[in-house]
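Subject: Structure handover

Hi,

Here is the structure I promised to pass on to you. Please have it open while you read the notes underneath.

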Amino acid sequence: MHRAYGYLIGVLLILLAGVSAASVTATRVWPSPEYTRVTLELAAEIGHKHFTLTGPDRLVLDLEGVEPVAALSELAAKVVANDPYIAGIRVARNRPGVTRVVVELKTPVRPQVFTLRPMGEYGHRLVMDLYPASLDAIERQVENAIAQAGGGGGAQPGAARPAYTRLIT
């Protein structure tokens, strides 16, 4: 009887040793005036938790069963200076078996975090969409976008004018 338990425990240990941590295979950051999307592509489905902090504003994402790897470390370099929401990203092991991603924010955000199943050439994905927390922030971004595009109403130099024909009676 004791021998059977020992055998069973040995088999379980061998099986558990074969289970490796899920790995992040690629990362992407896509900023736009409306929202910023951060995508982590994964070798397998993972557990995750997220929360926000203030003073300074941050979004914290805990990845369960993921070890810090090169693809995650490269995430910080993919943040551009003119991103409207992200100031920087830090990645480190929080505790055994949990990697923490801290997104340092320029302004408060309303995050939407969700997973996508594999499709085509993409594997499992964990997506973070960062939207502005208030309508005031959206209005400021729209005004900035219009100003940068040279808009603002009125006649535009170089714009085509409608052709008029004069009727003579």
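Below is what I found in it, from the whole chain down to single residues.

**Confidence first**

Please keep in mind that this is a predicted model. The mean pLDDT of the chain is 80, and 75% of the residues reach at least 70. Confidence is highest in strand S4, at 96, and lowest in helix H1 (residues 2-18), where the mean is 44. Over residues 4-19 the pLDDT is below 50, and this stretch has zero contacts in the model beyond near neighbours in sequence.

**Overall layout**

There are three helices and eight strands in the chain. Read from the N terminus, the elements follow the order α-β-β-β-β-α-β-β-β-β-α. The chain has 169 residues, of which 28% count as buried. If we take the contacts with a separation of 6 or more, 54% of them join residues 24 or more positions apart.

**The four-stranded sheet**

One open sheet has four strands in the order S3-S4-S6-S5, and its pairing is antiparallel. Strand S3 (47-53) and strand S5 (86-95) are at the edges, each pairing on one side only. On average, neighbouring strands of this sheet are turned by 15° against each other, direction ignored. Within the sheet, S4 (residues 58-64) and S6 (residues 98-105) form an antiparallel pair over seven bridges. If you want a spot to check the register, Leu63 stands opposite Thr99 in S6.

A detail for your backbone setup: the peptide bond from Gly55 to Pro56 is cis, with omega near 0°. Pro56 is found in the loop between S3 and S4.

**The nonpolar core**

In soluble globular proteins, nonpolar side chains tend to be buried together. Here the largest nonpolar core has 26 residues, and Leu61, Leu63, Val101, Val103 and Leu126 are those with the most contacts inside it. At least two residues of this core come from each of strand S1 (24-31), strand S2 (36-42), S4, helix H2 (70-73), S5, S6, S7 and strand S8 (124-132).

What is Val103 in contact with, leaving aside its neighbours within four places in sequence? Its partners are Asp57, Arg58, Leu59, Ile86, Gly88, Ile89, Met128 and Leu130.

**Phe114**

Phe114 is part of strand S7 (residues 109-116). Its relative accessibility is 26%, so Phe114 counts as partly exposed: the buried class ends at 20% and the exposed class starts over 50%. Beyond neighbours within four places in sequence, Phe114 touches Arg37, Arg125, Leu126, Val127 and Asp129. With Val127, 13 residues apart from Phe114 along the chain, the C-alpha separation is 5.4 Å.

**Aromatic rings**

A pair of aromatic rings is described by the distance of the centres and the angle of the planes. The count for this model is two aromatic pairs. One of them is Trp30 with Tyr35, which is edge-to-face at 5.6 Å centre to centre and 65° between the planes. Ring pairs link Trp30, Tyr35 and Tyr131 into a cluster.

Are Trp30 and Tyr35 buried or partly exposed? Trp30 is partly exposed because its relative accessible area is 48%. Tyr35, at 18% relative accessibility, counts as buried because the limit is 20%.

Do write back if anything is unclear.

Best wishes

How values were computed
Residues are numbered from 1 along each chain as its sequence is written. Side-chain values use heavy atoms; hydrogens and water are left out. Two strands pair if DSSP finds at least two bridges between them. Axes are lines fitted to C-alpha atoms, for helices over the stretch in contact, and angles run from 0 to 180 degrees between N-to-C directions. Buried means under 20% relative accessible area, exposed over 50%, partly exposed in between (1.4 Å probe, protein chains only). Contact means heavy atoms within 4.5 Å. Rings of Phe, Tyr and Trp (its six-membered ring) pair if their centres lie within 6.5 Å; planes under 30 degrees apart count as stacked, over 60 as edge-to-face and the rest as tilted. pLDDT is the predictor's confidence in each residue, from 0 to 100. A nonpolar core is a set of buried Ala, Val, Leu, Ile, Met, Phe, Trp, Tyr and Cys residues joined through side-chain atoms within 4.5 Å.
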